Amino acid sequence: MANSGFPIPIGSVLALAAILFCIGLFGVLTKRNLIMVLVSMELMLNAANINLVAFSRIQSKPNLSGQVFSLFTITIAAAEIAVGLALLLAFFRLRQSSEVKDLDSHRW
Amino acid sequence: MIAYAWLVPLLPLVAYIFLLALGRRAPEGVVSSVSVALTFVSFLLSAAVFVAVGSHPEAATSYVFHWLTLGSRSLDVGFSVTHLNALMLLVVTLVSTLVLLFSREYMRGDERFAVFYQYLNLFVFSMLALVISPNLLQLYIFWEMVGLCSYLLVGFWYFKPEAAAAAKKSFVVTRIGDAGLLAGIILLFLASGSFDDSTIFAKVAGHSLSLGWISGQALTTLAAILVFVGAIGKSAQFPLHVWLPDAMEGPTPVSALIHAATMVAAGVYLVARLFPLFAASPAALTTVAWIGGVTALLAALIALTQRDIKRVIAYSTISQLGYMMLALGVGAYAYGVFHLMTHAFFKALLFLAAGSVIHAVHTQDLFEMGGLGRRMPITMWTFLAGALALAGVVPFAGFWSKDDILNATLQTGHPVLFVFALVAAFCTAFYIFRVFFLTFTGEPRPAAQLQHTEWSEAGEGGPVMQVPLVVLAVLATVAGFFNSPLNGYGLERYLFADAPTGAGVLGRTFPENVGLMAVSVVVSLLGIGLAAAMYWRPVIRPASLANGLRLLYVVSYRKFFLDEIYGAAVVGTGRFLAALVNAVDRYVIAVIVRAVGRIFYAAGLFLKYTQTGQIQTYGVVAGCGLLIVVVIAIFRAGGVL
Amino acid sequence: MGITFWMVLMPILAGLLVLLIPRTGEVAHRLLALLGALAALVLACVAWARFDYHATGFQQVSSLHWFTLPSLWHGASGSGLGGLEIGLAFGVDGLSLGLVLLTGVIGLLAVLAARPAERTREYFFWQSCVVAGLYGVFSALNVFTFAVALELTLFAMFFLLYLFGQGRRQFAAMQFLLYRGLATVPLLAAFVGLAYGAVGGYAATAGAITDHSLTLDVPTLLHVLPSASAQMLPASIRHVLFLCLLLAVFVEEAFVPFHTWLPTAHEAADPATSMLLGGLLTKTGAYALLRFGVGMMPGEVRHFGTLLAVFGVINILYGAFAAWAQADWRRLIAFSSISHMGLVLLGIAAFNAAGLQGAMFLLVSSGLLTALLFFLVGAIAERTSTSRIAELGGLSRRMPVLSGLLLVAALGSLGLPLTSGFVSEVQAFIGSFGSFPAVSFVALLGVILSAVYLLQAMQRTTFGPLLPAYGRLYDASPGESILAGLLVAMVLFIGIYPKVIGDLFGLTVNALLGMGG
């Protein structure tokens with residue numbers, strides 16, 4: 001390990017992020033409930049955050065820009081969830097449903 | 001004087017523009033006076049030019065101005081005066097003046113009187129400009145312009161469907177010839193580098209006319225024949241003669257001026273003008289002679305049985321133009337031009353006299369006339385002068401020129417064509433006197449008596465109509481002496497003063513050809529006699545003769561079925577091709593175009609099912625796509641793919 | 001900023017100002033569009049007055065730089081190359097100026113002839129856009145400008161057809177858009193290919209480095225390409241580029257079998273739009289062929305000469321026969337124009353002074369005459385509410401002036417001497433007989449056929465007895481008479497004094513043939 005200041009091996013961290021991302025992706029593509037889809041998206045974003053933090057530490061000149069960037073991401077994610085839930089509410093009022101399969105107004 | 005020759009065509013143009021400015025409601029008196037006066041001045045100028053050219057042969061020359069640059073070549077316009085041109089100017093202005101004068105009475109009261117004079121002035125201008133052209137391009141320009149005027153004037157009574165159809169037919173049929181002429185002069189231009197006659201003649205004479213794809217002699221023949229195709233169309237020679245009889249739908253003065261004296265003679269003029277070109281190609285000359293001979297006979301045969309007075313004279317015109325072509329074809333340059341001149345006078349006379357008759361009785365059917373001689377003596381006597389000239393009775397004008405042509409045909413060794421011409425001469429005498437007797441002698445026919453009121457008013461037109469008739473009658477009587485032994489063949493000497501090289505000069509044999517003269521006069525008298533026996537003092541009943549020769553009669557009356565044959569063969573083919581192309585356009589190309597559209601539409605119909613609206617499905621597909629791309633990229637990076 | 005730039009800009013400015021005026025200001029819309037077209041025409045005339053007949057190359061050049069693509073991006077070999085300049089450039093030579101003047105005249109008259117029933121704001125906006133685009137096409141000095149201007153005409157004309165047409169207007173507009181839109185694909189391919197070819201971009205070996213950078217500049221391309229060596233631009237690629245260009249030209253010119261959009265569009269268009277479409281828009285393809293084909297790939301024009309000539313004759317005859325069979329004046333004129341364009345192709349294929357000059361004359365002549373014919377047929381249809389030949393008859397009785405003008409237009413169109421039609425046709429035929437005699441003899445059939453179909457239509461329209469339904473029609477208004485009279489005057493003037501544009505075209509012809517050697 002070149003970066004001895006970091007206790008966990010980088011491979012493990014990246015694996016964690018990858019697993020987290022895949023779980024999130026799987027959720028986005030398969031969950032029937034819109035709320036679950038939004039939650040899964042959060043998982044994917046957080047996987048990205050882990051990577052950002054990890055890579056900012058293993059650079060030759062470690063710095064905090066990764067952490068700062070993940071703070072941005074968390075903020076954006078919060079905003080995104082707010083908009084997403086608002087849309088979801090609007091959709092629910094319209095269709096009395098929060099199922100993904102009912103989101104088909106662009107169907108042929 | 002010759003330097004001012006451009007004023008000759010200019011004056012009618014001025015008249016045209018003036019009338020155009022006056023508008024279509026201009027008073028008749030002003031319109032006709034201005035036209036006649038200016039054309040008459042043109043005539044005086046032409047006479048001066050004619051005399052000046054005659055007395056100073058070396059003064060005959062041309063003046064050109066730059067018109068358009070084509071690569072390294074310059075196209076010019078201008079005017080040129082030769083002996084032939086000077087003669088044509090004289091004939092055209094003279095006949096034009098008389099016809100314009102005649103029309104003043106003939107067209108009186110027509111609501112488009114001013115328009116009629118506009119067109120006529122435009123025609124006179126175009127015709128004179130054609131004659132005076134220094135090169136073939138300008139000649140072609142005005143060649144088409146006179147065709148346009150003919151179109152406008154034939155269709156002058158546009159509301160008559162027959163007139164509208166005849167106008168179109170005259171333009172289209174002559175256009176077929178014009179296409180040939182255009183090709184001919186373009187080939188000459190490409191081969192010689194100029195539209196100028198003299199340059200072309202020099203190249204022809206020097207055998208240096210050549211193009212890459214065709215040898216010199218073949219090129220000369222091809223160009224000459226193409227030019228002749230133009231002459232065939234304009235001069236209504238077989239097989240493009242079908243437009244001229246139909247063109248009789250136009251007012252009669254138009255028939256006299258355009259379709260007898262001037263425009264239809266332009267084809268003859270063209271061949272005469274380009275005579276050195278034709279002379280360089282025996283094949284072309286033979287073609288001209290045969291077309292001329294066949295036309296002379298064919299048209300004369302058709303004229304025997306026609307019922308419409310103007311159509312008889314129209315077929316007569318075709319036949320006489322055939323004589324002119326025959327003369328040129330056998331190499332008798334001067335005689336063709338001589339006959340052109342005499343024919344212009346006596347045929348204009350016949351048409352105007354016929355016009356006078358039509359003006360009086362409002363019918364053109366010969367069998368609805370009769371006995372008009374007592375009511376219209378001047379018309380009758382002038383018509384008789386024209387008829388005798390046409391029949392070729394000594395000493396009227398037609399005798400001299402026609403006899404010269406017969407003589408030349410025999411001398412140059414064309415016995416078959418001579419026989420054609422002789423038979424045509426017999427027919428000519430017969431049909432024109434058939435017209436004369438049916439119209440002026442005997443009693444009014446039953447059909448005519450039905451229109452009793454009109455009939456009782458029938459009479460001579462005013463002096464305005466009589467003066468042209470009398471002048472032309474005098475010319476028809478004496479014009480032949482311009483080129484007779486009495487003045488030592490003056491016209492011939494005049495024409496040969498600057499005749500283009502190669503123009504055939506035939507040795508004169510006056511005392512010896514008296515026999516031939518006698519033959520031709522006897523033939524004419526026989527024709528006149530037969531006509532008299534059938535229609536004046538009915539010894540032979542025409543109806544029984546027609547029944548006896550039923551087949552021949554029908555063939556002649558139906559004009560050898562040429563209109564029907566063309567209608568089926570040419571027009572039918574054209575229409576079929578047009579319909580075919582249209583069908584291809586609508587049912588093949590358009591269908592293919594629509595089919596291409598439908599293919600994409602069908603693809604869309606099918607592919608739209610992929611748009612499920614399920615965002616998760618899209619995600620899966622996109623993910624798989626990404627995966628594939630990544631896999632390929634990895635393999636490529638590893639050098640596997 | 002030279003006058004050519006302002007010339008192109010004027011109609012656009014006018015069009016934008018039209019948009020600013022409220023919907024109800026119909027007179028102001030028309031007036032502004034008129035001012036824009038007039039200003040552009042005046043500037044075109046100024047360019048003409050300043051034109052130097054002794055100079056070679058382009059004059060009155062004005063350019064507007066937009067941005068530069070770095071050289072790294074376009075990947076041309078060699079390190080010393082500058083970037084690719086993108087921007088607008090305008091200028092005229094003889095050919096351009098002739099067509100620009102034609103655009104000026106027809107553009108102005110089309111504004112005058114326009115009679116939109118409603119939505120005048122949109123109408124005049126799009127019309128001004130078409131006119132500006134046409135000015136741009138004919139005066140573009142780089143291929144980028146050319147393509148932009150061509151697209152402008154495409155979309156603006158689409159809306160004119162789609163919104164203001166009649167009958168099957170939506171179908172016609174869509175077909176127009178698809179055909180001409182797709183035509184720009186091979187056109188752009190040819191442009192890009194030519195630009196690369198000019199710097200040796202296709203050189204198989206790295207040896208063919210040239211000292212100039214990748215450029216879209218037309219004068220440079222005209223200078224470099226005709227003499228580009230086989231190493232710089234291999235013959236096979238030249239052929240492909242030329243065929244791409246040819247495909248685009250065939251669609252733009254509505255050559256058989258890519259012509260179906262033109263009769264449909266003319267049937268749907270209103271008279272003023274037809275004037276623009278038939279008078280100018282169908283000339284852009286031939287202009288492209290002369291400018292980019294003959295100018296930049298003369299060898300290919302010679303190589304494919306026979307093919308072009310044969311296609312020319314096919315178009316002449318196909319157009320003529322199809323016109324003969326048409327029952328509607330608008331379709332007849334459309335096919336007649338296809339027939340004329342066939343002769344243009346034949347003249348270009350001949351590739352000699354007479355042929356090229358004849359083709360250029362034909363563009364102008366056919367532009368004027370087609371516009372005139374469409375205007376007159378529109379005026380008649382406005383009164384009789386039909387342009388079907390069978391439903392007309394005897395119009396001379398009630399409308400002598402309109403009928404007379406229609407006759408002049410028809411006669412000009414069939415190539416009667418003393419009209420521009422004759423001067424053009426005779427030059428084209430002199431050229432084609434010089435190169436392809438056999439083909440030209442067949443093409444002469446078109447001369448006869450044009451008389452047949454035009455005079456037949458005339459006979460059925462203005463001759464004959466007046467149909468009772470048309471007993472109360474009125475003749476041309478003074479405005480209509482003046483408008484058509486102007487076009488007739490120009491047709492006659494060119495016919496009588498062809499030097500007026502002959503000297504302009506002669507310059508370009510000499511330049512083209514000088515390069516072709």
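Modeller: Before we start, one cut-off: a residue is buried if 20 or more other C-beta atoms lie within 10 Å of its own. And keep in mind that this is a predicted model.

Colleague: Fine. What makes C:Leu405 count as buried?

Modeller: Set the count against the cut-off. C:Leu405 has 24 C-beta neighbours inside 10 Å, and the bar is 20 or more, so C:Leu405 is buried.

Colleague: Where does C:Leu405 sit, and which residues is it in contact with, leaving aside its neighbours within four places in sequence?

Modeller: C:Leu405 is part of helix α17 of chain C, residues 400-413. Beyond those sequence neighbours, C:Leu405 touches C:Leu376, C:Ala484 and C:Val488. Then there's C:Gly485: 80 residues from C:Leu405 in sequence, but 7.8 Å from it in space, C-alpha to C-alpha.

Colleague: How much of chain C is buried, and how many contacts join residues at least 24 apart?

Modeller: Of its 517 residues, 63% count as buried. Taking the chain C contacts between residues at least 6 apart in sequence, 80% join residues at least 24 apart.

Colleague: What is the secondary structure of chain C, and why is the chain called as compact as a globular protein of that length?

Modeller: Chain C has 21 helices and two strands. Its radius of gyration is 22 Å, and the globule rule gives 24 Å for 517 residues; those values are close, so chain C is as compact as a globular protein of that length. Along the principal axes, the C-alpha trace spans about 80 × 60 × 45 Å.

Colleague: Over to chain B. What makes B:Phe560 partly exposed, and what makes B:Phe561 exposed?

Modeller: Exposed takes 12 or fewer neighbours, and partly exposed is what falls between that and the buried bar. B:Phe560 has 15 C-beta neighbours inside 10 Å, so it counts as partly exposed. B:Phe561 has 12 other C-beta atoms within 10 Å, so it is exposed.

Colleague: Which backbone angle is notable in B:Phe560 and B:Phe561?

Modeller: Phi. B:Phe560 has a positive phi of about 60° although it is not a glycine, and phi of B:Phe561 is near 60°, again positive in a residue other than glycine. B:Phe560 is in the loop between α25 (550-557) and α26 (562-607) of chain B, and B:Phe561 is in the loop between α25 and α26 as well.

Colleague: Which peptide bonds are cis?

Modeller: One is the bond from B:Phe238 to B:Pro239, with omega near 5°; B:Pro239 is in the loop between α8 (216-234) and α9 (243-246) of chain B. Another is from C:Val256 to C:Pro257, with omega near 0°, and C:Pro257 is in the loop between α9 (235-252) and α10 (261-268) of chain C.

Colleague: Last one: why are α14(B) and α17(B) called oblique?

Modeller: Helix α14 (residues 309-329) and helix α17 (residues 397-411) of chain B pack at an angle of about 40°, with axes 9 Å apart. Angles under 35 degrees count as roughly parallel, and roughly perpendicular takes 65 to 115. The helices are therefore oblique to each other. α14(B) passes α17(B) in a left-handed crossing.

Colleague: Which residues make that contact?

Modeller: B:Tyr323, B:Leu326 and B:Ala327 come from α14(B), and B:Lys402, B:Ile405, B:Ala408 and B:Thr409 from α17(B). By class, that is five nonpolar, one polar and one charged.

Notes. Residues numbered from 1 in each chain as written. Chains lettered and ligands numbered in written order. Predicted model: local features only at pLDDT ≥ 70, side-chain atom pairs only at ≥ 80, totals over all residues. Helix = DSSP H or I, 4+ residues; strand = E, 2+ residues; numbered from the N terminus. Rg over C-alpha atoms; globule rule 2.2 N^0.38 Å. Contact = placed C-beta atoms within 7 Å. Axes fitted to C-alpha atoms, helices over the stretch in contact; angles between N-to-C directions. Parallel < 35°, antiparallel > 145°, perpendicular 65-115°, else oblique. Left-handed = near helix turned anticlockwise from the far one by under 90°. Nonpolar A, V, L, I, M, F, W, Y, C, P; charged D, E, K, R; others polar.
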